[in-house]
Amino acid sequence: MPLAQPAAPARVRFTVLGPLTGTADGRPLALGPLKQRLVLAVLLTRANTAVPVDLLTDALWPEEPPRTARKNLQVYVCALRTLLGRGAEPDRLVHTAGGYQLRVAEPELDLLQFRALARAGRAAADGGALAPAARLLRQALDLWQGPPLADLRCSPAVEAEADRLEGRCLGVHEDWAEAELELGNAIAVAEELAELADRHPLRERLQAARMNALHRSGRQAEALAVYDTHRQLLARELGLEPSAALTARYRRLLAHGPARPGADRPARPTGSGGALLPADTADFTGRSAELRDLIDESGGSGRVTVLSGPAGIGKTALAVHAGHLLAERFPDGRLLVRLRTEDGSPRPLADLLAELASLTGRSGPFPADPGQAAALWRASLAGRRMLLILDDAPGEALVRELLPGHGPSAVLVTSRSQLAGLASVHRVTVPPFAPGEALDLLGRIVGTGRIGTDRAAAARVVEACGLLPLAVRVAGTRLAVLRHLPLAEFAARLADPAGALDELVAGDVTVRARLDSGWRDLGGQGRLALARLAALPLALLFTLPEAAAALGRPERLALRTLEALTDTGAVTCPTAEVTAHAALYALPRLTHLHAREHAGVPADGLG
């Protein structure tokens, strides 16, 4: 008798941009009693991030939690696991050292889709692609189904999360309005903003957009009235005057008089030039040798450069910084496309090609076959001098489809592995910071004066961060917020293996989440090998025989494993130009601690 096939995972979807709902394969899920729904709501608003137990407890019992609070919380989590685990992945709702984490993919949660669309829309607007920007921002706004989590605002913690979501929605509304105004669609903007601006009368950017929309629609008196009402409200409620920018706009409206509807519609850009890049990092630090190498190589026609290194090493920041510096060499545009979704899975080729077509101003119809569409994309680059950044490549196959076949365009590819299957490319391995670079970045974030008060403690902080740029930035941000925290005390917290990763959290940015992504990338065999190596002493170099003993494999097989892990950055080899038996290997400190968590090795372990 043939074995029964396991049931296919249910297709789940949750919404928080409106009432909390959940479906599995299109059928509504019964989400349980109030406190269980509160737990789910908090986990979803912080999806794919470890939510501390204390925060969940505050959401359930804002006044005084009962003595059985932790046990009750475990009951609600267990019920949610049962609800979510029917035919789904067993590790969807997990407990980590940082708290409970609910893992959902972008298509499974409206909030993740909203964030992705808003981010893409803002990037397009920053690069001058206003029509795609307005369309993407509109798609983000269309996901909203009313006030977020309205039925759960009895919890102050959930109410705070809902208010934060509403603030993000207002920001996207303002971005959309400004893009549409630049496209000349003032009448539509004036209608859209009427009720919204009335509900948020103190939000100046919203009032400014409404003023501009009314003026460009020929409704001069109403535009002036918006300013006057806003001015009076500010004075009455806050004792403030409108900003200088809004006042200057008001005076221009008075001086110029009514506008004819559509009279100031700007000319639409006809070229594809401009930068569709994220904003450059204001405090970009170090990397002078890598940056020179990158700029020298990328300045040439048809060059492809691969920037490789582990998660959090700063590959994307380096590529974006170089992209901004290379503006004059690529007059037909510079753009960045992310090759993974929010949950780290590869994006479909068809989606990437559609995004590239939209960002570069190409119009359909497009071939239904992705291979033909990719060929059309490569052909469109033949006569252009464009810089393309392919960010966080999951493998060679996807990259090959997007590379220009010939012509003056250049490509920067960032990836955790070295993409050895790509031929005729220039490779730049992005290393950890040098100690001086790490201290420089920390000083820029927290202030050089504060670093100067205890430079030895600051050096211990960056050393405990493993000189990983992301960790140094998170540590600096945390110190900048906790002004009362002495550097020496924070250095001691980071030096404790049991709590180091818990300390490296700043808002919704966590080092553990980035390490989780790298861990998932390793695959089953890679994770097993790294978990076994995690039992080695912390912060000590090890040899091939020692690795073979930890892995339980012959040295020739252990060497292959080490080489595979080195390609991903999970293992480093500080020595060079030596035989395999003479080489020394290391696990980066934070990678080592993270692997111990997954392997179940005590934090103090054997180190």
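**From one loop to a pocket**

Let's start with Leu149, which sits in the loop between helix 5 (130-141) and helix 6 (156-182). Helices here are DSSP runs of H or I with at least four residues, strands are runs of E with at least two, and both are numbered from the N terminus. Leu149 isn't a glycine, yet its phi is positive, about 55°. Most residues other than glycine have a negative phi. Is Leu149 buried or exposed? Leu149 is buried, with a relative accessible area of 0%; buried means under 20%, exposed over 50%, and partly exposed in between, using a 1.4 Å probe and protein chains only.

A word on what you're looking at: this is a predicted model, where local features need pLDDT of at least 70 and side-chain atom pairs count only at pLDDT 80 or more, while totals for chains, interfaces and linings use all residues. Residues are numbered from 1 along each chain as its sequence is written, and side-chain values use heavy atoms, with hydrogens and water left out.

Stepping back, the protein chain holds 26 helices and 15 strands. Of its 607 residues, 48% are buried. Take the contacts (heavy atoms within 4.5 Å) with a separation of 6 or more: 67% of them are between residues 24 or more positions apart.

Now to the start of the chain. Three strands make an open antiparallel sheet in the order 1-2-3. Strand 1 and strand 3 are at the edges with a single partner strand each, so one side of each has no neighbour in the sheet. Two strands count as paired if DSSP finds at least two bridges between them; strand 1 (residues 12-15) and strand 2 (residues 21-24) are joined by four. Across that pairing, Arg13 faces Thr23 and Thr15 faces Thr21. The hairpin has five residues between these strands, and one of them, Gly18, takes a positive phi near 140°.

Just past strand 2, in the loop leading to strand 3 (27-28), comes Asp25. Asp25 is another residue other than glycine with a positive phi, near 55°. Asp25 is partly exposed, though, with a relative accessible area of 34%.

Further along, helix 16 (residues 435-446) has 12 residues and reaches 16 Å from its first C-alpha to its last, close to the expected 16 Å; that expected span is 1.5 Å times one less than the number of residues. Its buried residues are Ala438, Leu439, Leu441, Leu442, Gly443 and Val446. An α-helix has 3.6 residues a turn, so residues three or four places apart point the same way. Helix 17 (448-453), helix 18 and helix 19 (469-481) are among what covers those buried residues. Right after helix 16 comes Gly447, with a positive phi near 105°.

Helix 18 leads us to the second largest pocket, which has about 890 Å³ of space. On a 1 Å grid over the protein atoms alone, a pocket is an open set of points where a 1.4 Å probe fits, with protein on both sides within 12 Å along at least five of seven lines; lining residues have an atom within 4 Å of a point. Of the 42 lining residues, Pro432, Gly466, Thr572, Pro588 and Arg589 are closest to the centre. Helix 18 (455-464), helix 20 (487-495), helix 25 (555-568) and helix 26 (589-599) each give two or more residues to the lining, and helix 18 has the largest share, with five. By class, the lining has 27 nonpolar, 10 polar and five charged residues, where Ala, Val, Leu, Ile, Met, Phe, Trp, Tyr, Cys and Pro count as nonpolar, Asp, Glu, Lys and Arg as charged, and the others, Gly among them, as polar.

Notes. Grid points are joined across faces, edges and corners, and a volume is the space filled by probe spheres set on the points.
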